[in-house]
Amino acid sequence: MWLIVDHPVSYPCDCNYRLSSELLFVLKHFIASASGRKWLSSSSSSSDELSDEVRGKERQRDPLVLGRVVGDVVDPFVKSVNFRVVYSSKEVTNGTGLRSSAVVDQPWVEIRGNNNNTSLYTLVMVDPDAPSPNNPTQQEYLHWLVTDIPESADISFGNEIVSYESPSPSAGIHRIVFVLFQQKVQQTVHVPGWRQNFNTRDFTAFYNLGPPAAVLYFNCQREHGCGGRR
């Protein structure tokens, strides 16, 4: 009689034994199963590595990364709300090109989160390329600053700290960046002493706003400008 347990295998009492065909079948099945488990483990690890690689490639294709908004203005973040900015009938999407004449008037802003309209938001609008992309000595130039914006309400219900100033680049193509923060508390925000050399990261840290909830940007140049970002 053969006594077989999972592993190892017990052999018959007499020393002159031969492996039966049944035992060979069981051993082959055991080896195949073990190999399968190893393959599955390896596949799971490979799948995780592939997912990381895919996520990395997606980040590389992100227009905020390609446009160096992530890096020059904000750190990497995870978008947490729906955020729209519209000039007349032209909605801003990342990398949109707009002439200075199209952004004279303050845009319409929509914020939709997942907090039953109870959250407040802070909006910062800056130009990291002022006065020119090849010599941005005024970066970041502050174009607009509004706090306490109620979710799903018009931005006019917020507290305008710095009034809207329309972008009017004199040289090159400028990135105009809207950074939206979800506020943790309602607090007093002081008016900056000047618009030039504003720093979004320093502002965020000072008022403990945390990472952005959403970011949008468009490219802007003077009315009859042409060429690249120089």
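Residues 24 or more positions apart account for 72% of the contacts in the protein with a separation of 6 or more, where contact means heavy atoms within 4.5 Å. The model is predicted: local features need pLDDT of at least 70, side-chain atom pairs count only at pLDDT 80 or more, and totals for chains, interfaces and linings use all residues. Residues are numbered from 1 along each chain as its sequence is written, and side-chain values use heavy atoms, with hydrogens and water left out.

**Elements and surface**

The protein has 4 helices and 9 strands. Helices (H or I, at least four residues) and strands (E, at least two) are DSSP runs, numbered from the N terminus. Their order from the N terminus on is α-α-α-β-β-β-β-β-β-β-β-α-β. Of the 230 residues, 37% count as buried; buried means under 20% relative accessible area, exposed over 50%, and partly exposed in between, with a 1.4 Å probe and protein chains only. The protein exposes about 13,800 Å², and carbon and sulfur atoms supply 52% of this area. Such areas come from the Shrake-Rupley method with a 1.4 Å probe; for residues, only the protein chains shown count as cover.

**Two sheets**

One open sheet has 6 strands in the order 3-9-8-5-6-7, with mixed pairing. Two strands pair if DSSP finds at least two bridges between them. Strand 3 (96-99) and strand 7 (159-162) are the edge strands, each pairing on one side only. From one strand to the next, the twist averages 20 degrees; axes are lines fitted to C-alpha atoms, for helices over the stretch in contact, and angles run from 0 to 180 degrees between N-to-C directions. At one end of the order, strand 6 (residues 141-150) and strand 7 pair in the antiparallel sense over 3 bridges. Leu-145 has Val-162 in strand 7 as its bridge partner.

A further open sheet consists of 3 strands in the order 2-1-4, and its pairing is antiparallel. Strand 2 (90-91) and strand 4 stand at the edges with a single partner strand each, so one side of each is left without a neighbour in the sheet. Strand 1 and strand 4 are joined by 5 bridges. Opposite Asn-82 stands Arg-112 in strand 4.

**The cores and the aromatic residues**

The largest nonpolar core has 25 residues. A nonpolar core is a set of buried Ala, Val, Leu, Ile, Met, Phe, Trp, Tyr and Cys residues joined through side-chain atoms within 4.5 Å. The residues with the most contacts inside this core are Phe-83, Tyr-87, Leu-123, Trp-144, Phe-178 and Phe-218. Two or more residues each come from strand 1 (82-87), strand 4 (108-112), strand 5 (120-127), strand 6, strand 8 (174-182) and strand 9 (214-221). Strand 9 gives the most, with 4 residues. Beyond its neighbours within four places in sequence, Phe-218 is in contact with residues including Tyr-87, Val-92, Leu-98, Pro-167 and Phe-178. A second, separate core of 21 residues includes Leu-64, Val-124, Val-162 and Val-189.

The structure holds 6 aromatic pairs. Rings of Phe, Tyr and Trp (its six-membered ring) pair if their centres lie within 6.5 Å; planes under 30 degrees apart count as stacked, over 60 as edge-to-face and the rest as tilted. Two of these pairs are set out below.

| Pair | Centre to centre | Angle between planes | Arrangement |
|---|---|---|---|
| Tyr-87 and Phe-218 | 5.7 Å | 80 degrees | edge-to-face |
| Phe-198 and Phe-203 | 5.5 Å | 45 degrees | tilted |

Tyr-87 lies in strand 1 and Phe-218 in strand 9, so their pair ties together parts that are 131 residues apart in sequence. Both Tyr-87 and Phe-218 are buried. Phe-198 and Phe-203 are buried as well, and they form one aromatic cluster with Phe-206 and Tyr-207.

**Backbone features in the loops**

Most residues other than glycine have a negative phi, and most peptide bonds are trans. In the loop between strand 5 and strand 6 lies Pro-131, which a cis peptide bond with omega of about -5 degrees joins to Ala-130. Glu-140 is found in the loop between strand 5 and strand 6, and a cis peptide bond with omega of about -10 degrees joins Gln-139 to Glu-140.

Ser-88, in the loop between strand 1 and strand 2, has a positive phi near 55 degrees. At 76% relative accessibility, Ser-88 counts as exposed. Ser-152 has a positive phi of about 65 degrees and lies in the loop between strand 6 and strand 7. Its relative accessible area is 33%, so Ser-152 is partly exposed. Glu-151 has its place in the loop between strand 6 and strand 7, and at 4% relative accessibility Glu-151 counts as buried.
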